[in-house]
Amino acid sequence: MDIQLISWIACLLITCNLTLYGQRDCLVKKYEAQVGVQEIGNNRGKEVEKYQKAAGVKPGASWCASMVFWCHKECDIKLNIKNPAQAKSWFTKDKTIVRYG
């Protein structure tokens with residue numbers, strides 16, 4: 001699955017519970033502004049490393065979940081996530097709708 005598509009799905013799932021329209025609008029603007037960001041080499045590049053830093057991981061780590069976390073952080077939305085750079089940690093058992101495998 002395309003990494004950008006995965007990020008957008010995560011964004012939509014997470015933001016559907018936001019009650020403050022200002023936060024939702026902020027997130028939409030942040031997400032849209034990130035469209036077109038590409039890594040340089042293997043998970044590197046100025047923008048990519050900005051996301052990784054926000055999520056507390058080293059340059060070169062996977063960055064899709066880090067980008068989503070960075071967008072939330074930029075909009076002053078605090079997320080209680082143990083490992084923001086790992087997408088599966090965003091969806092704990094109490095937030096899981098369907099489980100495959």
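**Note on a four-helix predicted model**

1. At 19% relative accessibility, Cys64 counts as buried, the limit for that class being under 20%. Cys64 is also one of the buried residues of helix H4. The model is a predicted one, and the values below are computed from it.

2. Overall make-up. The protein chain has four helices and zero strands, so that, read from the N terminus, the order of elements is α-α-α-α. Of its 101 residues, 33% count as buried. The accessible surface comes to about 7,200 Å², and carbon and sulfur atoms hold 55% of that area. Among contacts with a separation of 6 or more, 40% are between residues 24 or more positions apart.

3. Helix H4. This helix covers residues 64–74. Nine of its eleven residues are buried, so H4 is largely enclosed by the rest of the structure. The buried residues are Cys64, Ala65, Ser66, Met67, Val68, Phe69, Trp70, Cys71 and His72. Cys71 has a relative accessible area of 0%. After H4 comes Asp76, with a positive phi near 60°.

4. Ser66. What is the relative accessibility of this H4 residue, Ser66? The value is 0%, and Ser66 therefore counts as buried. Leaving aside residues up to four places away in sequence, Ser66 touches Tyr51, Gln52, Ala55, Val57, Pro84 and Ala85. One of these partners, Tyr51, lies in helix H3 and is taken up again under the aromatic pairs.

5. Nonpolar core. The largest nonpolar core has 18 residues, and those touching the most other members are Leu27, Met67, Cys71 and Trp90. Helices H2 (21–34), H3 and H4 are the elements that give two or more residues to this core. H4 makes the greatest contribution, with six residues. In soluble globular proteins, nonpolar side chains tend to be buried together.

6. Aromatic pairs. How many aromatic pairs does a search of the whole structure find? There are two. In one of them, the ring centres of Tyr51 and Trp63 are 5.8 Å apart and the planes meet at 20°, so this pair is stacked; the cut-off for stacking is under 30 degrees. Tyr51 belongs to helix H3 (residues 46–55), while Trp63 sits in the loop between H3 and H4, twelve residues apart, and the pair thus links distant parts of the chain. Tyr51 is buried at a relative accessible area of 0%, and Trp63 is buried at 9%.

7. The other pair joins Tyr51 to Trp70. Their ring centres are 5.5 Å apart and their planes are at 55°, so the pair is tilted. Since Tyr51 lies in H3 and Trp70 in H4, the pair ties together parts that are 19 residues apart in sequence. Both Tyr51 and Trp70 are buried. Tyr51 takes part in the pair with Trp63 and in the pair with Trp70; Tyr51, Trp63 and Trp70 form one aromatic cluster.

8. Asn43. This residue is placed in the loop between H2 and H3. Is Asn43 buried or exposed? Its relative accessible area is 13%, so Asn43 is buried. Not counting residues up to four places away in sequence, Asn43 touches Val48, Gln52, Pro59, Gly60, Ala61, Ser62 and Trp63. Asn43 thereby has a contact with a member of the aromatic cluster, Trp63. Gln52 is among the residues touched by Asn43 and also among those touched by Ser66.

9. Disulfide. The count comes to one disulfide. Cys26 and Cys75 form this link, with their sulfur atoms 2.0 Å apart. The angle about the S-S bond is -85°, and the link is left-handed. Cys26 lies in helix H2 and Cys75 in the segment after H4, 49 residues apart, so the pair links distant parts of the chain. A disulfide is a covalent bond between the sulfur atoms of two cysteines.

10. Exposure of the disulfide cysteines. Cys26 has a relative accessible area of 21% and is partly exposed, because the buried class ends under 20%. Cys75, at 8% relative accessibility, counts as buried.

How values were computed
Residues are numbered from 1 along each chain as its sequence is written. This is a predicted model: local features need pLDDT of at least 70, side-chain atom pairs count only at pLDDT 80 or more; totals for chains, interfaces and linings use all residues. Side-chain values use heavy atoms; hydrogens and water are left out. Rings of Phe, Tyr and Trp (its six-membered ring) pair if their centres lie within 6.5 Å; planes under 30 degrees apart count as stacked, over 60 as edge-to-face and the rest as tilted. Buried means under 20% relative accessible area, exposed over 50%, partly exposed in between (1.4 Å probe, protein chains only). A nonpolar core is a set of buried Ala, Val, Leu, Ile, Met, Phe, Trp, Tyr and Cys residues joined through side-chain atoms within 4.5 Å. Contact means heavy atoms within 4.5 Å. Accessible areas come from the Shrake-Rupley method with a 1.4 Å probe; for residues, only the protein chains shown count as cover. A disulfide is a pair of cysteine sulfur atoms within 2.5 Å.
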